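User: I am new to this structure and would like to learn how to read some of its features. Could you take me through them one at a time?

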Amino acid sequence: TSELTALYENSLDRSDAYNEQNRWKFEGNLGAEAIVRERGWDVSVRTNIRSLQQNKPVEPPEDEDLQLIDLLLSAGYTQGRFSALTEIGDTQVDESPNTVYSLARRGARLAFQYDDFILGGFILEGREVYSWGEGSTIDTNTDDNIAGVSGQVGFFDNQVTFKAIYASGGDKGNYFGTWSEEGPRQGDVLGFVLTSDFIDQKFVTDIELDYSDFDTNIDDDESSLSDHAYRIGVGGTIDRYTYSATYRYFGPDYEVVSNPNLERDYAGIELTGGANFETQSVELVYSQFHDNVDHSDLYQRSYTYRGGVTYSHFGLEYLPFSLTFEKAYLDAEDVPEDQEAVGSDTNTVYGQINFIKGFWDVGLEASYSSQDDKSVTDDDNDITGITLTPSFTTDHFYAASSIGYQLTRAELTDVDTDYYLVTLDVRGDIFTENLTYA
């Protein structure tokens, strides 16, 4: 199958302050995938080619010539209780939320499964690349590669699973999509995950414990720092009711090179509950988190409280709607004399209604948020938004638009800012779905 997408952007009017930005831009993408299945084998090739044109010079690593953006070769084999999978190219690795998670890089991974036992491994580039024109640097050098192994075993018909993960590697600093404040980084992480489900999704547990050893700059004289993280979660569904509770802890020095977006120096609990009825549903959420988990005298400890309720009604065939109210509160304690306390109180109301009839789905979203800044700056603000989202769908054609307006009022500066956003998305397929366009 193939998919061709094209995006054209043009600025109709602008102030002189924005002359350095592109006045127009055209981007085209051609994605293709071929799959062969025979005698237990499942082999596929996926690729994407991009062309970019604009009135301003293109900055590297982008290029106006055709570029091979990604390429993935995969092969799987299944025979009875045994299966294997290998991928080479632009792949993604997901092991656990606190170790290797959503790591999309160029490299290779391999996995084997027999009954309830799974063994896997991977080696990826540490840097994030834009296209295949930048080459590949995969080798056994952990300074700029990330490698790992994992094993999982199930007990009692997989009602209990235990998984162990180890990953090691680094990256040399700043690349496309990767930024290091200090320099080349390197580290190791060891994680354990235990899950259980004995009563048919009514009481599910998910526990993870992780240890990291991380050096934020291998070129300096400072040694690496070790720390730990863990999470304990329970949840389930009982008849029409759902619930979950999760506690998370991340030490101040817990870092993972393969998961740079992880929080650190952070702990707290998140609770959710809901009820689903024939024509309506209710969902409740509450969370409480704080930083400075070691009570350092150098920093204040800030607490973030967040609670909300969402009511949805779908009893009217053509007019489903939902209403959400959320309150967020930020407070601080143990504030050093040389620092200013943070604090805010934010209330948000959000509503959505859709008219659904035949091929048409027309949505209307509205929101209002008011923030009372309790810090010394007293930067209070209000944000009002409204968006219209009409769409038209058939078996082989889809068109959707979004027309949005947002007004931000800053009381400290007495400045009102208006935002307008209009989008259009058109896609479909021809030749009995062998060719798709967007």
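User: Is Phe-156 buried or exposed, and why does it count that way?

Analyst: This is a predicted model, and in it Phe-156 has a relative accessibility of 59%. Exposed means over 50%, so Phe-156 counts as exposed.

User: How is a pair of aromatic rings described?

Analyst: A pair of aromatic rings is described by the distance of the centres and the angle of the planes. The structure holds 16 aromatic pairs. In one of them, the ring centres of Phe-156 and Phe-198 lie 6.4 Å apart and the planes stand at 50 degrees, so this pair is tilted. Phe-156 sits in the loop between strands E8 and E9, while Phe-198 sits in the loop between strands E10 and E11, so that the pair links distant parts of the chain, 42 residues apart.

User: What is the geometry of the rings of Phe-250 and Tyr-266, and where do the two residues lie?

Analyst: Their centres are 6.2 Å apart and their planes are at 35 degrees, so the pair is tilted. Phe-250 belongs to strand E13 and Tyr-266 to strand E14, with their positions 16 residues apart in the chain. Phe-250 is buried, because its relative accessible area of 5% falls under 20%. Ring pairs also join Phe-250 and Tyr-266 with Tyr-254 and Phe-289 in a cluster.

User: How do the strands that carry these residues pair, and how many bridges join E13 to E14?

Analyst: Strand E13, residues 241-250, and strand E14, residues 266-276, run antiparallel and are joined by ten bridges; as one example, Arg-248 has Gly-268 in E14 as its bridge partner. E14 also pairs in the antiparallel sense with strand E15, residues 280-291, over eleven bridges, and here Thr-272 stands opposite Val-285 in E15. A hairpin of three residues connects E14 to E15.

User: How many cavities of 30 Å³ or more does the structure hold, and which residues line the largest cavity?

Analyst: There is one cavity of 30 Å³ or more, and the largest cavity has a volume of about 40 Å³. Its lining includes Ile-146, Ala-167, Asp-188, Val-189, Glu-255 and Val-257, and strands E9 and E10 each supply at least two residues of that lining. Sorted by character, the lining residues of the largest cavity are five nonpolar, four polar and two charged.

Technical notes: Residues numbered from 1 in each chain as written. Predicted model: local features only at pLDDT ≥ 70, side-chain atom pairs only at ≥ 80, totals over all residues. Heavy atoms only, no water. Pairing = 2+ DSSP bridges. Helix = DSSP H or I, 4+ residues; strand = E, 2+ residues; numbered from the N terminus. Phe/Tyr/Trp six-rings, centres within 6.5 Å; stacked < 30°, edge-to-face > 60°. Buried < 20%, exposed > 50% of the residue type's maximum accessible area, 1.4 Å probe, protein only. 1 Å grid on protein atoms, 1.4 Å probe; cavity = no way out; pocket = protein on both sides within 12 Å on 5 of 7 lines; lining within 4 Å. Points joined across faces, edges and corners; volume = space filled by probe spheres on them. Nonpolar A, V, L, I, M, F, W, Y, C, P; charged D, E, K, R; others polar.
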